[in-house]
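Colleague: Please take one part of this model, the surroundings of the ligand, and go through it slowly for someone who is new to reading structures. I would like one connected account rather than a list.

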Amino acid sequence: LEIADEKIIERVLNRLICTHCHAPYHLTFKAPRKAGICDICGNPLHKRPDDISEMLRVRQRAFQRVIKPVLEYYQQSRRLLVINADGPMEKVSAEIVAAVQSLQNQERRADAPTEPHRAPVIVSGIQPPARNKEAKTACHLILVGAPGSGKGTQAEALRDTFQLAHIATGDLFRENLKNQTDLGKLAKSYMDRGELVPDDVTEAMVEDRLAKSPPDSGFILDGFPRTLPQANALTEILSHFERHLDAALYIKVPDAVIENRLSGRRVCRKCQTPYHLLFKQPAQDGVCDLCGGELYQRDDDNPRTIRSRLETFHLQTTPIIKYYQDAGVLFEIDGQGDVAAVTRSSLAVIKTIQDSLR
Ligand code: AP5
């Protein structure tokens, strides 16, 4: 069913689905007889939590990525029917019926279909920006590590030393939650359980954030990617923005050390700088040294959620270590020393990379 991206967005944003029988409705094109109630089974209608504008573009792109080989497969085996789905529902249904009937007639005549109904058009969801040669000299890094391994702490030091934009997916979700956006509310349910927010939601947010970062500045991605699909998506997003990844720094810390670190962590409500009750105390109790903001304990820094976050890391994130190792950009850093020692190791790696870019 072929249809332009902007039409899909219009359809999906106003879609309602029955909570019981899953029948789809639309506020304009197929309104239920009684507002908010399913015509078929009388149960309430709801909006799917992922039908939000932030995610639609990335869902489109993910769709194009996975569906392209499927379309090619059916086209090569001459079994592809492309139906123009941009029109009233009755017209689209009639066209599907006509196409299937024409196939059945051909089969009855024992004629295999010789040509597809119509060649598929693969629409690209994103237009790459014009090439910017400056972007080639900026340093682009990702920080990989278990929860509490010190990604945020190290990102802060690298950001200041090399003037890089610090993009932390956990902070972006918490910021959305603070502003009570749909995205923030959706992410919270996953974060509270120590699970990962779905890939498409996270990809959409990172892509949007990267699109806003000046093309000639470098960045540190802290906490993204965390799954193999996210790593693939990042490769694709960077190629769209004509950027490249210079290094993945893996901060390695044993689980036992992490539990101590997270239970004593306090974070600035305003600028997200992390502190620790023992290892990195602020000059004044409960107050951020950098911006004077209030320090608080994160909801997910409780023993139960910490254990679940660690499990999620071992299960879903460790495969990306091999992914970046195979790509030849992985640098392992021993994260067990004190903050200054880990920072020295991280800075040494980045300096080497920067020298190689000059
Ligand atoms: P996020 O906020 O990224 O949490 P995390 O990965 O669990 O990492 P943390 O922020 O807890 O730890 P950190 O490594 O930054 O350590 P820090 O420097 O603060 O993500 C939260 C949630 O959002 C996830 O659980 C998930 O639900 C969701 N999410 C985020 N990204 C996602 C994605 N890509 N896909 C899907 N879902 C996603 O240090 C910890 C403490 O130790 C601090 O108190 C610090 O002062 C101290 N410390 C640091 N280094 C040292 C050291 N060397 N010695 C002693 N103490 C130290």
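Modeller: A crossing of two helices is called left-handed if the near helix is turned anticlockwise from the far one by less than a right angle, and right-handed if it is turned clockwise. With that in mind, and remembering that this is a predicted model, we can begin with helix α5, which crosses α6 in the left-handed sense. Helix α6 covers residues 182–193, and its axis lies 7 Å from that of α5, with an angle of about 120° between the two. Angles of 65 to 115 degrees count as roughly perpendicular and those over 145 as roughly antiparallel, and α5 and α6 are therefore described as oblique to each other.

Helix α5 is a good place to start, for with four residues it gives the largest share of the shell around the ligand. Several other elements take part as well: α4 (151–162), α9 (255–263), β9 (274–276) and α12 (339–357) are, like α5 (169–178), among those that each supply at least two residues of that shell. In character the shell is mixed, since its residues divide into 13 nonpolar, 12 polar and 10 charged.

Of the 35 residues around the ligand, those that come nearest are Thr153, Glu195, Arg226, Arg265 and Arg309. Two of these arginines can be followed down to single atoms: a polar side-chain atom of Arg226 lies 2.5 Å from an oxygen atom of the ligand, and in the side chain of Arg265 an N or O atom is 2.6 Å from a ligand oxygen. Lys151 makes its approach through the backbone instead, with an N or O atom there placed 2.9 Å from an oxygen of the ligand. Taken alone, the ligand would expose 1,000 Å², and the protein buries 96% of that.

Two loops deserve a look along the chain. Pro225 sits in the loop between β6 (219–222) and α8, and the peptide bond that joins Phe224 to Pro225 is cis, with omega near 0°. In the loop between α4 and β5 (165–168) we find Gln163, whose phi is near 50°, a positive value in a residue other than glycine.

Helix α8 (residues 228–240) also brings us to a second pair of helices, for its axis and that of α7 (residues 199–212) come within 10 Å and cross at roughly 25°. That angle makes α7 roughly parallel to α8, and the crossing of this pair is right-handed, whereas that of α5 and α6 is left-handed.

Methods: Residues numbered from 1 in each chain as written. Predicted model: local features only at pLDDT ≥ 70, side-chain atom pairs only at ≥ 80, totals over all residues. Heavy atoms only, no water. Near = heavy atom within 4 Å. Polar contact = N/O pair within 3.5 Å; in protein donor to acceptor, adjacent residues only side chain to side chain. Areas by Shrake-Rupley, 256 points an atom, 1.4 Å probe, with all protein chains shown as cover. Nonpolar A, V, L, I, M, F, W, Y, C, P; charged D, E, K, R; others polar. Axes fitted to C-alpha atoms, helices over the stretch in contact; angles between N-to-C directions. Parallel < 35°, antiparallel > 145°, perpendicular 65-115°, else oblique.
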